[in-house]
Structure formats: C-alpha cells, structure tokens
Amino acid sequence: MTTSRNSTPHIRNSRKGPASPASPASPTSPASGARSSKGRRRWLFGAAVLGVATLTAVGALTQGRAHAGVLTNCAATPSSCGYPGATNTGVPSGTTLKSVPGQVSSGPGWSYNAAGNNVIVTGKGTVLSGLYIPCNLRINASNVTVKNVQVVTNADFGISLTHTTGVTIENSTISGQNATTGRVGSAIDDVYGDSTGMVLQGNNISYFKTAVQISTGVVNGNYIHDPGYLAGDHTNGFYTNGGTEPLTIENNTIFVSLAQTDTINLDAGTSGVPVANKTIENNYLAGGGYSIYGGTSPANPTSHIVIEGNRFGQQYYPLGGLWGPVAYFAPTGTGNTWSGNFWDTTAKAIPSP
C-alpha cells in the first residue's frame, strides 16, 4: 500500500448522519497530566475485581435477568466500577513535561522537524518520555516506546506509525486542541496498515475524529472519550479496517457521544475482504449509531470474532447506540461468539443479535 488509509472516509456515506456533539471538558494541562500512579494501582485492582464479577456473570446471566455481582450505573465515574477513566489513564499526575521544541528539540533516536512541524522517531528502540508535543509524533522505527507523553494537535494525526513493529504507547495523553476546528484527525494511526505488534495501554484520548486506527495488536486499559466533530465527519472510537491479523481490544472505556458512527468498528473498507481473529472483551462502551460494527459490512466474511463480557452504557441512547448495541455481527460465523454482554443500568444480559 502506498497511500494513507485516511485519504478517504472510513465509513460509507450511506450510514446515518451525525447529531450535535456534547461539549467535552478542557484538555489536560501540559504540566500536570491526567492521573496518579496510586490511581493506576486502584484501577488495576478494580479491573481484577470486575474481571471476576464479569466471568461469573458470563456463566450466570440469562436473557432478561441480571447478575447481582455486577455493579451498575458506572457512567459518571467509570473507574469506580473498575474501568479506565479520567483519574487512572494518561500522563501520571505530577509528571514534569518538557515542551517540544521550546525546551527540547531532539534526543536519542528522535528530533523535531521544523519544516514539517512534526516530531520524527527514526531510531530503533527509542524511548520517548516526559514530553509535551504540540504537533504530530511520527514513528518511523520499530520497538519504540512512548510513555508519559502528551500530544495535542489539530493535525491529521496525533501519533502516526509507518511500517513499524513492536511499538508501545502507554500512559500518555493524546488529544485535539478542542472539540471543533481543533480536533485531531486520528489520534493514533497505523497509517499504511502494515505495522504489527502494537501495544496501546493506559492512554487518555479525546477531541478526535478517529481515536485509534490499527488492525492488530493489544489495546488495553485506555480511556477514549469526548470526540471532536466537524461537518461531514464519520466519528470512530476504534477503527480496524478489517483484516485477519489477531487484535485484542480489552478493558477499555470508549464513549462516543454522537449518533454516528461507533465505539468499535471491525468493518473492512472494501467488500469481500475477510475479517477474523478480533476479540472485544470486558470493555465499557457507549454511543455511536451502533456501538459495535461486527465486521460483515460491506459483504465481508467473518470468523473468530469474539465479543464477550462488555458493558453497554445508556447515558447517550437507551439502546447503547442510537439504533442498538451492535450491527453487522454474524453469530453463525465460524468461531464467532457473543456472550456475557450486559447493560450498565440494569446488569441485564444483552441477547445475541
């Protein structure tokens, strides 16, 4: 592939149009970050407790019944129910960040490019930490770690990956400048769709058109919320562009306060492309037209799509998304599973579509 996947809209125009976005809170200050290490430990403990409750619920929930071990009404403070939220994701509170390029313009394996107004990572194994970057962070090398970094930009990309392997982005805050003209196009993006081995964990992502666009790797413990919106946008919390490489999306909070498009979209961009080996489990999802698009649109065969143990919030729409919690999921596909998914307000099971 030689062109960016973001050169055309992710979602076909035949899908329903957007509603007005909610007004998100102001971005985190560059100097303070978003959470404390103590908050992170509380979240890990809470997630473990929730995991036990959810596994119990998978066996105990039946259609129309609720499981007593599952907490309810978690929308206001997801972390109180063991999910990622404002207090346990992003740059740890108290972290001192050096501004690029004002305070620092280069380091081992990376440098600020004034001509392109971006930070470019070229060194294999580079570790970036403690930086405030007001432009695109472009990763052109493998085995790179980005941690305790804040990226704020209205560019097409916040953090972009090009032909990489083994990149980890953790405990970082990535956002647009505001919810309208300052929104970032794609907060984290595998631009050419060929990067592998990615790990995204503990990040706080907001003011985006698309929060995350990757097709393989592990995405764990992130807080994705408060999307931005410009007329004509198709807004995605997580977009995979299909494919058959393994992808695990687990233990995330993804809130999209718009009537389009989704919190998680497994669809491929063209018809006939297989979509397989994607796992969506133990996430807290709310909003979109449908909260999850399960991969079969447009006319794509699916297999080994596992959607289990997810909580669906109703703070935006009674059905999770405007039209429902899930669409384009084939329960009869080989290895496809829908189990243990439940409503936030009642803990009642959501039957297989």
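Pro-101 lies in the loop between β1 (98-99) and β2, where strands, like helices, are DSSP runs numbered from the N terminus (H or I of at least four residues for helices, E of at least two for strands). The peptide bond that leads from Val-100 into Pro-101 is cis, with omega near 0°. The structure is a predicted model, in which local features need pLDDT of at least 70 and side-chain atom pairs count only at pLDDT 80 or more, while totals for chains, interfaces and linings use all residues. Residues are numbered from 1 along each chain as its sequence is written, and side-chain values use heavy atoms, with hydrogens and water left out.

The strand that follows this loop, β2, belongs to an open sheet of 11 strands with mixed pairing, in the order β2-β3-β4-β7-β10-β13-β16-β19-β22-β25-β28. Two strands pair if DSSP finds at least two bridges between them. At the edges stand β2 (106-107) and β28 (324-327), each with a single partner strand, so one side of each has no neighbour in the sheet.

One stretch of the sheet can be followed strand by strand. Strand β16 (residues 208-213) runs parallel to β19, and three bridges join them. Here Gln-213 has Tyr-239 of β19 as its bridge partner. β19 in turn pairs in the parallel sense with strand β22 (residues 262-265), again over three bridges, and Tyr-239 stands opposite Asn-265 in β22. Next, β22 pairs with strand β25 (residues 290-293) in the parallel sense over two bridges, with Asn-265 opposite Tyr-293 in β25.

Tyr-293 also takes part in an aromatic pair. Rings of Phe, Tyr and Trp (its six-membered ring) pair if their centres lie within 6.5 Å; planes under 30 degrees apart count as stacked, over 60 as edge-to-face and the rest as tilted. The count by this rule is nine aromatic pairs. In one of them, Tyr-290 and Tyr-293 meet edge-to-face, 5.9 Å centre to centre and with 85° between the planes. Tyr-293 is buried, with a relative accessible area of 4%, whereas Tyr-290 is partly exposed at 23%. Buried means under 20% relative accessible area, exposed over 50%, and partly exposed in between (1.4 Å probe, protein chains only). Another pair, Phe-329 and Trp-338, is tilted, at 6.1 Å centre to centre and 50° between the planes. Phe-329 is buried at 9%, and Trp-338 is buried at 11%. In addition, Tyr-83, Phe-255, Tyr-284 and Tyr-316 form one aromatic cluster.

A nonpolar core is a set of buried Ala, Val, Leu, Ile, Met, Phe, Trp, Tyr and Cys residues joined through side-chain atoms within 4.5 Å. The largest has 55 residues, and those with the most contacts inside it include Ile-188, Ile-205 and Val-212. With contact taken as heavy atoms within 4.5 Å, Ile-205 touches Ile-188, Val-212 and Tyr-223, among others, when residues up to four places away in sequence are not counted. A second, separate core has nine residues, among them Tyr-83, Tyr-284, Ala-286 and Phe-342.

Charged side chains also meet. A salt bridge is a side-chain nitrogen of Lys or Arg within 4 Å of a carboxyl oxygen of Asp or Glu, and the whole structure holds two of them. One joins the side chains of Arg-183 and Asp-233 at 2.9 Å, N to O. This pair links distant parts of the chain, 50 residues apart: Arg-183 is in the loop between β12 (173-175) and β13 (184-190), and Asp-233 in the loop between β18 (223-224) and β19 (236-239). Both Arg-183 and Asp-233 are buried. Arg-311 and Asp-344 form a salt bridge too, at 2.9 Å, N to O. Arg-311 lies in strand β27 (residues 311-312) and Asp-344 in the segment after β30 (342-343), so the pair ties together parts 33 residues apart in sequence. Arg-311 and Asp-344 are both buried.

The structure has one disulfide, a disulfide being a pair of cysteine sulfur atoms within 2.5 Å. Cys-74 and Cys-81 form it, with their sulfur atoms 2.0 Å apart. The torsion about their S-S bond is about -85°, so the disulfide is left-handed. Cys-74 and Cys-81 are both buried.

Some backbone details remain. A cis peptide bond, with omega about 0°, joins Gln-260 and Thr-261, and Thr-261 is in the loop between β21 (253-256) and β22. Asn-251, though not a glycine, has a positive phi of about 60°.
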